[in-house]
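Biologist: I am new to this structure and would like to learn how to read its features. May we go through them one by one?

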Protein chains: 2
Amino acid sequence: MTYCVAMAVNDGLVFLSDTRTNAGVDHISTARKMSVFEQPGERMLVLLGAGNLSITQAVLHELSEPADASEPTLWSVPTMADAARVVGSAVRRVHEREAEAMQKFGVDFNCSFILGGQIAGNRMRLFMIYAAGNFIEASAVNPYFQIGEAKYGKPIIDRVLTPSTPLDEAAKSALISMDSTLRSNLSVGLPLDLLVYEKDALRVTRFVSIDRDNAYFDMLHRTWGERLRQVFAEIPDPDWQRSLDAPSPQSERALVLYRAPVGADGVEHEQDVSPAQILAQADKGKAQRR
Amino acid sequence: MTYCVAMAVNDGLVFLSDTRTNAGVDHISTARKMSVFEQPGERMLVLLGAGNLSITQAVLHELSEPADASEPTLWSVPTMADAARVVGSAVRRVHEREAEAMQKFGVDFNCSFILGGQIAGNRMRLFMIYAAGNFIEASAVNPYFQIGEAKYGKPIIDRVLTPSTPLDEAAKSALISMDSTLRSNLSVGLPLDLLVYEKDALRVTRFVSIDRDNAYFDMLHRTWGERLRQVFAEIPDPDWQRSLDAPSPQSERALVLYRAPVGADGVEHEQDVSPAQILAQADKGKAQRR
């Protein structure tokens, strides 16, 4: 599996990817999922890929060596939307060539891409491209995309990221999101590739490969875990005497399926019973025991 | 979709389920996923179900009205492991009856269950039962099970839950896990059913249906979000001058696929370039611009 995330904030773009690939848990290897297409001062594009590695690599080959020299390429297109179309077309060509043969072996045509960057004279843009070659663009209400194993790391990004988040803070949220994912899913692994693009730079200025011995990521990993546990400990436990089981206006509608023991007729009678009724019965039971 | 989680700690068991069901996002409804089988003083069993609602309900019907009166039931079995077998058998009977017809409509036989509780004279136990009727048991190294939309809410539980976690603290972690899931997935929704079982009580003593107006859950939701953002803000941003891009012993091996512009021969030359090399090239670009 893979986890890649890219963010578009006002000050720039953040790209983060892991490097684990696996064909079964007994066949784990390392592959880069981030490709940088840079013509310094003119364009800076980053492509992240997830899915079947043979497909994402075939798409990269298509992009590097287009069969037809008249085709537009990531180096020649005038806009980022055109660049997304170029990637979409490459995905469709690979699908045409490979999908049927793979289908015979029961292998799905599974791939997705994130493309972001800037071309001189245009604004920064960020796209997600699907296996069918169609794509969507990030916006102020949805300033990030994830591909691969996205769920573990989504809640923290949803809580902190907005378009006005400073660039390095966005990078920090991406790394925390990755840390949660690494913790919960073996098929996502170090090292990480982190590229932070500063708006209008039109070149790569901040790029790092993060391994187990990276001091910042190690600090982030330890501090985040410790502080989370601390915040968790500081929040009061449920108080069953007061707030939790106070009858709410809706609690009469909030029925649980409570199954009573089999009756004298040998048939269990299913009842809709409210929490208050269950607890009343429990109290009765307790009183009887005393 | 659904999210259910159950935990087995030394002091008792925690069961939490949402109540949203959907057949497409335009067809959202409410159903209970928690069933309580209680014979006060003798046994207290809780069953959580996720998957296709018609299947999980059919399994409940099987459990309530077994076709063969000689079959063991959840009311008659002497141990929790036997109870898990009873649920597994019910799942298999429903599969035998329903799966083929559903298959014709392209509907998978999709269901999973968590069963936990205690029978007098035995210890508390917690099981997860699969669609094939087989099951596994929770243990000290894996003291919880999730079914349904499990991923969003997994990282926080992994960070705080151990068998020695106090019962109410375990319930708190389940509610935070649910809060993260509610935030990220529309197909999981309020109200929630929370049942906390105190070891050896052999009856329901703490049970509540939590809706939007529950004061504790509202406090938890707000406090957790605010404090997470605060912790996030307190952790230093990456410092590109110092820790992050300091060359690590592994950085030479950590290559990224860097794609150079098309050469004079019209062919792009793919290069493996280290982060340090990319940054050196970027510095050169900057120097040239000055």
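Biologist: Does Lys172(B) count as buried or exposed?

Modeller: Please bear in mind that this is a predicted model. The label depends on relative accessible area, and buried means under 20%. Lys172(B) has 1% relative accessibility, so this lysine counts as buried.

Biologist: Where is Lys172(B) placed, and which residues does Lys172(B) touch?

Modeller: Lys172(B) belongs to helix H4 of chain B, which covers residues 167-184. Leaving out residues up to four places away in sequence, Lys172(B) touches residues of chain A, among them Phe232(A), Ala233(A) and Asp237(A), and also Tyr216(B) and Leu220(B). In addition, a polar atom of the Lys172(B) side chain lies 2.5 Å from the backbone oxygen of Phe232(A).

Biologist: How should I read a residue in a loop, and where is Glu71(B) found?

Modeller: One may take its place, its exposure and its contacts in turn. Glu71(B) sits in the loop of chain B between helix H1 (53-64) and helix H2 (80-104). Its relative accessible area is 30%, so Glu71(B) is described as partly exposed. Beyond its neighbours within four places in sequence, Glu71(B) is in contact with Pro66(B) and Arg93(B). With Arg93(B) there is a polar contact between the two side chains, at 3.3 Å. As for Val86(B), the C-alpha atoms of Glu71(B) and Val86(B) are 8.6 Å apart, and the two residues are separated by 15 residues in sequence.

Biologist: Why does the length of H1(B) agree with what is expected of a helix?

Modeller: The check compares an expected span with the distance between the end C-alpha atoms. At 1.5 Å a residue, the 12 residues of H1(B) should span 16 Å, and the end C-alpha atoms are 16 Å apart, so the two agree. Several residues of H1(B) are buried, including Ile55(B), Val59(B), Leu60(B) and Leu63(B).

Biologist: How many disulfides does a search of the whole structure find?

Modeller: A disulfide is a covalent bond between the sulfur atoms of two cysteines. The search finds zero over all chains. Among the cysteines, Cys4(A) is buried because its relative accessible area is 0%, and Cys111(A) is buried because its value is 5%.

Biologist: How many cavities of 30 Å³ or more are counted?

Modeller: The count comes to one cavity. The largest cavity has a volume of about 180 Å³. It is lined by 15 residues, and those closest to its centre are Pro155(A), Ser180(A), Pro155(B), Ile156(B) and Ser180(B). Helix H3 (154-160) and helix H5 (215-234) of chain A, with helix H3 (154-160) and helix H5 (215-234) of chain B, each give two or more residues to the lining.

Key. Residues numbered from 1 in each chain as written. Chains lettered and ligands numbered in written order. Predicted model: local features only at pLDDT ≥ 70, side-chain atom pairs only at ≥ 80, totals over all residues. Heavy atoms only, no water. Helix = DSSP H or I, 4+ residues; strand = E, 2+ residues; numbered from the N terminus. Buried < 20%, exposed > 50% of the residue type's maximum accessible area, 1.4 Å probe, protein only. Contact = heavy atoms within 4.5 Å. Polar contact = N/O pair within 3.5 Å; in protein donor to acceptor, adjacent residues only side chain to side chain. Disulfide = S-S within 2.5 Å. Expected span 1.5 Å × (residues − 1). 1 Å grid on protein atoms, 1.4 Å probe; cavity = no way out; pocket = protein on both sides within 12 Å on 5 of 7 lines; lining within 4 Å. Points joined across faces, edges and corners; volume = space filled by probe spheres on them.
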